[in-house]
Amino acid sequence: MKKFWKVSANAVLAAALVSSVALATPAQAATVSQETSQVSQVNKNLKTNVLANISAMTAYITTGE
């Protein structure tokens with residue numbers, strides 16, 4: 001009888017663990033998607049700033065040295 005209760009308890013714990021992981025996955029996916037979007041926006045802003053200021057930076061760049 002003790003074995004039955006141990007197996008039953010383990011089954012309930014396993015079911016709870018699986019369901020909690022399944023519930024957390026959409027929230028994590030939304031967070032990752034938002035972070036990816038933010039990184040993409042930062043990269044876009046960086047490219048825009050570099051291209052806009054490339055003429056100002058040429059005074060500080062030397063080649064062949």
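How much area does the protein expose, and what share of it do carbon and sulfur atoms supply?

1. Starting with that one: the protein exposes about 6000 Å², and 67% of this comes from carbon and sulfur atoms. Bear in mind that we're looking at a predicted model.

2. On secondary structure, you'll find two helices and zero strands. Helix α1 covers 2-52 and helix α2 covers 54-57.

3. Don't go hunting for a core here: of the 65 residues, 0% count as buried.

4. There's a nonpolar patch on the surface, made of Leu46, Val50, Ile54, Met57, Tyr60 and Ile61. Together these residues have about 630 Å² of accessible area. Both helices feed into the patch, with α1 and α2 each supplying at least two of its residues.

5. Val50 is a handy member of the patch to look at. Val50 sits in helix α1 and has a relative accessible area of 37%. That value lies between the 20% and 50% cut-offs, so Val50 counts as partly exposed.

6. Past α2, have a look at Thr58, which lies in the segment after that helix. Its side chain reaches back to the backbone oxygen of Ser55, at 2.8 Å, which is within the 3.5 Å limit for a polar contact. Thr58 is partly exposed too, because its relative accessibility is 48%.

Definitions and conventions
Residues numbered from 1 in each chain as written. Predicted model: local features only at pLDDT ≥ 70, side-chain atom pairs only at ≥ 80, totals over all residues. Heavy atoms only, no water. Patch = residues over 30% accessible without salt bridge, like charges linked within 9 Å, V, L, I, M, F, W, Y side chains within 5 Å. Areas by Shrake-Rupley, 256 points an atom, 1.4 Å probe, with all protein chains shown as cover. Salt bridge = Lys/Arg side-chain N within 4 Å of Asp/Glu carboxyl O. Helix = DSSP H or I, 4+ residues; strand = E, 2+ residues; numbered from the N terminus. Buried < 20%, exposed > 50% of the residue type's maximum accessible area, 1.4 Å probe, protein only. Polar contact = N/O pair within 3.5 Å; in protein donor to acceptor, adjacent residues only side chain to side chain.
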